Amino acid sequence: MARAIWTGSISFGLLNVPVRLYSAVSRKSVSFRELRASDSSRIRHKRVAEADGEEVPYEDIVKGYEIAPEQYVVMTREELEELDPQKTKAIEIQDFVDLDEIDPIYFDHPYYLGPDKGAEKAYALLVKAMSDSKKVAVARFVLRNRENLAAIRPMGQVLTMATMRFADEVVSPEELEDVIPADGRKLDKREVEMARQLIDSLSSEFDPGKYRDEYRKELLDVIERKARGEEVVEAVSEEPKPTKAPDLMAALEESLAAVKGEPLGAGAEGDGGQKRRSRAKSGSGSKSGSRAKSSQGKSRSRSRAKAAK
């Protein structure tokens, strides 16, 4: 049974709805311990001072903000506690906006909000009202001594809440001027149309259950095999090569033909096109599922190679 990690209330005008906060995700990761190679003895990390290498007790450690190389402004625990955000138990709704107006880059961690005892009717009222209005509530609240921005929206009969990044925490695309080169070349109309067709042919309804963590699955498989004493052979994986500009049209045509299971047209005869055409003919009958299996196979090869190292 899920346990609440925070209790409080949603403040909406003069309405206060007591709620409980639950994590909406369960991380599935593979963790390792650091061991000494010779005898598998556990490695322990200690806090030591750079000046003399002496271990420092936790109670003697203070926080320092570096203002210049090796120059710090020291903050005591008492000073930091004084600056902690006010520990209120309210999720204060600031605005209601359309979900499409929030770029996904702002979303951070998802939670569920459930009603506290005695608040079932007020909670159901809020869920119903928000569902009918098709709006998302933008709110503020304090969790673990940190002020958070959050987006609240209904999902069926329950409210979900995703913590959000503040605007100054998101890197603006304008800051990537030196990273993304200015390319003055014009896009060919046929290339754009072919790219759109490829996108349309690969479009489907989103089904989260079809996407699996292949790396974690293969890593656990390798660990189990090694635990049984089996020898794991390192596999060589192929790295994808970037498509060169002259080959864009040929690559698009080949991709579209592979998805549709059709033979290539004559448009793939450009630079390197003949080579692509012969490859496409040999596999023209394969559907997108075959390509997916091939991609998964390469992913498994890379996983085994990483795990075996």
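These notebook entries record what I looked up in the structure.

**Entry 1. Overall make-up**

I noted at the outset that the model is predicted. I then counted the secondary structure and found 7 helices and 9 strands in the protein. The chain has 309 residues, of which 23% count as buried. For the accessible surface of the protein I obtained about 23,300 Å², with 51% of that area belonging to carbon and sulfur atoms. I also looked at contacts between residues at least 6 apart in sequence; 61% of these join residues at least 24 apart.

**Entry 2. The largest nonpolar core**

In soluble globular proteins, nonpolar side chains tend to be buried together. I therefore looked for nonpolar cores, a step that rests on the same tendency. The largest nonpolar core holds 22 residues, and I10, I91, L113, I152 and L159 touch the most other members. Eight elements need listing as givers of two or more residues to this core: β1 (6-12), β2 (15-23), β5 (90-97), β6 (107-115), α2 (120-133), β7 (136-143), β8 (146-155) and β9 (158-164). Apart from this core lies another one of 7 residues, including V97, V136, L149 and M164.

I took L113 as an example and listed its contacts, leaving out residues up to four places away in sequence. L113 touches I10, V19, R20, L21, I91, Y123, I152, V158, L159 and M161. Of these partners, I10, I91, I152 and L159 are also named among the core members that touch the most others.

**Entry 3. Buried residues of other kinds**

Which residues does H109 touch, beyond those up to four places away in sequence? I found S23, V25, R27, M161, A162 and T163. H109 lies in strand β6, and its relative accessible area of 19% falls under the 20% cut-off, so H109 is buried.

Is D116 buried or exposed? I read a relative accessibility of 16%, and D116 therefore counts as buried. D116 is found in the loop between β6 and α2. Leaving aside neighbours within four places in sequence, D116 is in contact with P18, V19 and R20. V19 and R20 also appear in the contact list of L113.

I next turned to P154, which is found in strand β8. P154 counts as buried because its relative accessibility is 17%. Beyond neighbours within four places in sequence, P154 is in contact with V127, M130, S131, K135 and L159. I also checked P154 against Y112: the two are 42 residues apart in sequence, and their C-alpha atoms are 9.7 Å apart in space.

V170 lies in the loop between β9 and α3 (189-201). At 16% relative accessibility, I recorded V170 as buried. V170 touches I105, Y106 and R165, not counting residues up to four places away in sequence. One of these partners, I105, is 65 residues from V170 along the chain, with 7.7 Å between the C-alpha atoms.

**Entry 4. Positive phi angles**

Most residues other than glycine have a negative phi. I looked up two residues with positive values. E70 is a residue other than glycine with phi near 65°, and E70 is found in the loop between β3 and β4. Its relative accessibility is 61%, so E70 counts as exposed.

K134, likewise not a glycine, has a positive phi of about 55°. Where is K134 found? I placed K134 in the loop between α2 and β7. With a relative accessible area of 66%, K134 is exposed.

**Entry 5. The second largest pocket**

Rolling a probe the size of a water molecule over the atoms shows where empty space is left. I looked up the second largest pocket, and its volume is about 350 Å³. Which residues line this pocket? The lining consists of R47, V48, A49, E50, V56, D60, I61, V62, K63, G64, Y72 and V74. I sorted the lining by type and obtained 7 nonpolar, 1 polar and 4 charged residues.

I then asked which strands supply at least two residues each of the lining. Both β3 (63-68) and β4 (71-75) do so. The loop between these two strands is where E70 is found.

Notes: Residues numbered from 1 in each chain as written. Predicted model: local features only at pLDDT ≥ 70, side-chain atom pairs only at ≥ 80, totals over all residues. Heavy atoms only, no water. 1 Å grid on protein atoms, 1.4 Å probe; cavity = no way out; pocket = protein on both sides within 12 Å on 5 of 7 lines; lining within 4 Å. Points joined across faces, edges and corners; volume = space filled by probe spheres on them. Helix = DSSP H or I, 4+ residues; strand = E, 2+ residues; numbered from the N terminus. Nonpolar A, V, L, I, M, F, W, Y, C, P; charged D, E, K, R; others polar. Buried < 20%, exposed > 50% of the residue type's maximum accessible area, 1.4 Å probe, protein only. Contact = heavy atoms within 4.5 Å. Areas by Shrake-Rupley, 256 points an atom, 1.4 Å probe, with all protein chains shown as cover. Core = buried A, V, L, I, M, F, W, Y, C linked by side-chain atoms within 4.5 Å.
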